[in-house]
Amino acid sequence: MKSIPNQNQSLDRFIGDTISEKITPSINGNNHSSFSDPAFASNKTQPIHRWVPWIAGFSKEFVNDSINRYIDGTGTILDPFAGVGTTLVESHITGNDSIGFEINPYAFFSCKTKINSLQIDEGKFNDEIEKFSSFYLKNLNSKYQVRSKVPQGFKTKIDFYSPKVLHKVLILMDFVETIEDQNIADLFKLAFTSTMVKYSNYSYEPSLGTRRGSGKADIEDYDVRAVTVQKLMEFLKDIAWIKKTVSNQRVPTSRIINDSFFNYKDHLSKKTVDLIITSPPYLNNYHYNRNTRPQIFWLGFAHGPADLKPLEESNFGNFWQTVRGKEKIDLIFDVPDIDLVEKVELIRKINPEKGVYGGSGWANYAVSYFNDCYKFSKGIEYTLKKGGTALVVIGNSILQGVTIPTDEYFAKIAETVGLEIVEIHIPRSKRIGNSIIQSNVRVSKPTKGHQLYEAIVELKKS
């Protein structure tokens, strides 16, 4: 095969008092965990995992280590918040069946495309890469009239692409429409959407905003062909690697479900999962759907703001923007031996003069989040086999200056539905979270005593 020449996130995840002997996070600089740091950053250089930049998730080493620890032979692994597919890809590589739920259509598409890449004919894929390069160069400086259009309903404060860049992007989209093999077409779409912000007038800081707003100049021109071909060749190399890696083992099954995990009974039978490895959204109000708007619209999953509303309403914990103006939201469960109710009421009373921007809005957000933790716990209990394990990566948080030991609360909530708390591991005792604790909209600023950490809540189905 010929090779094509080419040219040349820290989430907000905090700390509370110890609740039980099994819940004893060590956060004074010494990690309390037999697990390695699950941070997603290392995936940036790993085959398949490096395809899509993602602000959250966990490392493939953490997933692989977990599979080796808890799966004897082969089994079924579930990720209720699959993201861009770290758990599913590693399950596939290790010969285990996997199931993933993901409501964000771009993350779902990325996950599905990675798994389907095993079906790709490498020769055909390479041929399409060559055809694209020729098509692009032939039409770039001609009177070629592009047929593709900017997605309907995709509105931005300033032009997302400068005119020269937009013309090149539309040439790329025109070529994608000529590809007959859907799996190959999806790889081209993924190569575009995983790089599209790089040459736009927007950037992640970590939320999506204009380059101008962060002190950067607009991008007037860019070699879209070079960056796309470079990404496609990366895909081709990794596909060859994964095919070689899994060639001498059973071919596992992978199910990727574009739905909320809260609808688990519509898709799964009771007691069918051996191991759950997952990381739900943190209590940090990071807006995955809004931050993937460009990808969602350019892939045709949305055609206007109304199409995003169901996503916002079904997101785990909702969003502060979704629940801040509602009447007081109450907890739907009772856990007598934690101080969650007291923490929520403390938050609710802070800065009442700020209206929904004060404590009442953030209290609603916290309650919605922990109500979903309760529903999530019930789903874990429903799907796990007897003796099965759930590993839930989660971070603590802070709202209105009040520390929230999210991991400890979640563990005790899970215990009320019949799950056993094995241990809370603290593989990362310090992490950065300025997007939540330094934002002006939060009103109250953190003090030196506030410390962010990341936990792995280990649960067992007795």
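## Helix 14

Let's start with a covered helix: in helix 14, the buried residues are Thr406, Asp407, Glu408, Tyr409, Phe410, Ala411, Lys412, Ile413 and Ala414. That makes nine of the 11 residues in helix 14 (406-416), so the helix counts as mostly covered. Keep in mind that this is a predicted model.

Just after helix 14 comes Gly418, with a positive phi near 105°. Ala411 from this helix also turns up in a nonpolar core described further down.

## Helix 4 against helix 6

Two packed helices are described by the angle between their axes and the distance between the axes. For helix 4 (residues 122-140) and helix 6 (residues 182-193), the angle is about 50° and the axes sit 10 Å apart. Angles that are neither under 35 degrees, nor over 145, nor in the 65 to 115 range count as oblique, and helix 4 and helix 6 are therefore oblique to each other. Their crossing is right-handed.

Who touches whom? On the helix 4 side, the contact is made by Lys124, Phe125, Glu128, Ile129 and Phe132, while helix 6 brings Ile184, Leu187 and Phe188. Sorted by class, that contact has six nonpolar residues, two charged ones and no polar ones.

Phe188 deserves its own look. Setting aside neighbours within four places in sequence, Phe188 contacts Phe125, Glu128, Ile129 and Phe132, and also Phe175, Val176, Ile179 and Leu232.

## Two nonpolar cores

In soluble globular proteins, nonpolar side chains tend to be buried together. Here, the largest nonpolar core has 69 residues. Phe125 and Phe188 are among those with the most contacts inside this core, along with Tyr161, Val169, Phe192, Tyr199 and Trp298. Elements that give two or more residues to the core include helix 2 (86-93), helix 3 (105-116), helix 4, helix 5 (163-176) and helix 6, as well as helix 9 (293-298) and helix 10 (305-314). Helix 7 (224-246) is on that list too, and it gives the most, with 10 residues.

There is also a second, separate core of 68 residues, which includes Phe35, Trp362, Ala411 and Leu459.

## Lys198 in its loop

Lys198 lies in the loop between helix 6 and strand 3 (202-204). Is Lys198 buried, partly exposed or exposed? Its relative accessibility is 48%, so Lys198 counts as partly exposed.

Beyond its neighbours within four places in sequence, Lys198 is in contact with Ile219, Tyr222 and Val227. As for Val224, 26 residues separate it from Lys198 in sequence, and the C-alpha to C-alpha distance between the two is 9.8 Å.

How values were computed. Residues are numbered from 1 along each chain as its sequence is written. This is a predicted model: local features need pLDDT of at least 70, side-chain atom pairs count only at pLDDT 80 or more; totals for chains, interfaces and linings use all residues. Side-chain values use heavy atoms; hydrogens and water are left out. Axes are lines fitted to C-alpha atoms, for helices over the stretch in contact, and angles run from 0 to 180 degrees between N-to-C directions. Helices (H or I, at least four residues) and strands (E, at least two) are DSSP runs, numbered from the N terminus. A crossing is left-handed if the near helix is turned anticlockwise from the far one by less than a right angle, and right-handed if clockwise. Contact means heavy atoms within 4.5 Å. Ala, Val, Leu, Ile, Met, Phe, Trp, Tyr, Cys and Pro count as nonpolar, Asp, Glu, Lys and Arg as charged, and the others, Gly among them, as polar. Buried means under 20% relative accessible area, exposed over 50%, partly exposed in between (1.4 Å probe, protein chains only). A nonpolar core is a set of buried Ala, Val, Leu, Ile, Met, Phe, Trp, Tyr and Cys residues joined through side-chain atoms within 4.5 Å.
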